[in-house]
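Biologist: Before I plan anything at the bench, I would like to go through this model with you. Please put it up.

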Amino acid sequence: MITITVSEAFGNAPPRSAAVLCVKGNDGRTNLMLADWFTWLNIKRNPMISFSLPRGAEIGKSLREGDAFVLAFPPLKEAKRYQAGVSAGAEETGENAGREPETVREDGMDVRIPKGSTVLLRCTLAGAYNYPFKKVRIFNCNLEEARGSTEGLLD
């Protein structure tokens, strides 16, 4: 993965594309979950990102303002594997071997991301609220860094 501009990230991760939230847990494992939807906010002045998760999702309940995480953009087929949420360690074996996320190094720590991800957005949570008309929680984030791969393969 190489650092890319916000414009390049926007082109490769357009609004409403499949995004997988990848959060490092206190136990050293990465929690991954497919976001219900994803969009960009204030793209020209201050790039911010917004996504939603079901209100009852444990991964969403544990996020606090200032928490850092990665949003990954794999192909839709791969992203759907994380709809119910997955917790992955660095050394997965057994029936999930070969289907588990890959490891990338982000900000000095290993984070697991879905295979085939072409864009990674390193974000910091700015705020969250419950959407009144659906049973989802909306998360607004500051974009810290966008990384991408021109070939769709991880380094």
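The questions below take salt bridges, a strand, a serine and a surface patch in turn.

Modeller: This is a predicted model, in which local features need pLDDT of at least 70 and side-chain atom pairs count only at pLDDT 80 or more, while totals for chains, interfaces and linings use all residues. Residues are numbered from 1 along each chain as its sequence is written, and side-chain values use heavy atoms, with hydrogens and water left out.

Biologist: How many salt bridges does a search of the whole structure find?

Modeller: A salt bridge here is a side-chain nitrogen of Lys or Arg within 4 Å of a carboxyl oxygen of Asp or Glu. Glu 58 pairs with Lys 61 in this way, and Glu 78 with Arg 81. The search of the whole structure gives a count of two.

Biologist: Why can Glu 58 and Lys 61 be described as about one helical turn apart?

Modeller: Helices are DSSP runs (H or I, at least four residues) and strands likewise (E, at least two), numbered from the N terminus. Glu 58 and Lys 61 are separated by about one turn because they lie three residues apart in helix H2 (residues 58-62).

Biologist: Is Glu 78 buried or exposed?

Modeller: Buried means under 20% relative accessible area, exposed over 50%, and partly exposed in between (1.4 Å probe, protein chains only). Its salt-bridge partner Arg 81 is partly exposed at 40%. Glu 78, at 11%, counts as buried.

Biologist: Which residue of S3 is the bridge partner of Val 20?

Modeller: Two strands pair if DSSP finds at least two bridges between them. Strand S2 (residues 20-24) and S3 are antiparallel over five bridges. Within S3, Val 20 is matched with Leu 34.

Biologist: Why is strand S3 largely enclosed?

Modeller: Besides S2, S3 pairs with strand S7 (residues 86-88), antiparallel over three bridges. S3 (residues 30-34) is largely enclosed by the rest of the structure because the buried residues number four of the five.

Biologist: Which side chain makes a polar contact with that of Ser 50?

Modeller: Ser 50 sits in strand S5 (residues 48-54) and is buried, at 3%. A polar contact is a pair of N or O atoms within 3.5 Å; within protein, one must be able to donate a hydrogen and the other to accept it, and residues adjacent in sequence count only if both atoms are side-chain atoms. At 3.0 Å, the partner is Asn 140.

Biologist: What is the relative accessibility of Phe 133?

Modeller: Phe 133 lies in the loop between strand S10 (119-130) and strand S11 (136-148). Phe 133 counts as exposed, at 70%.
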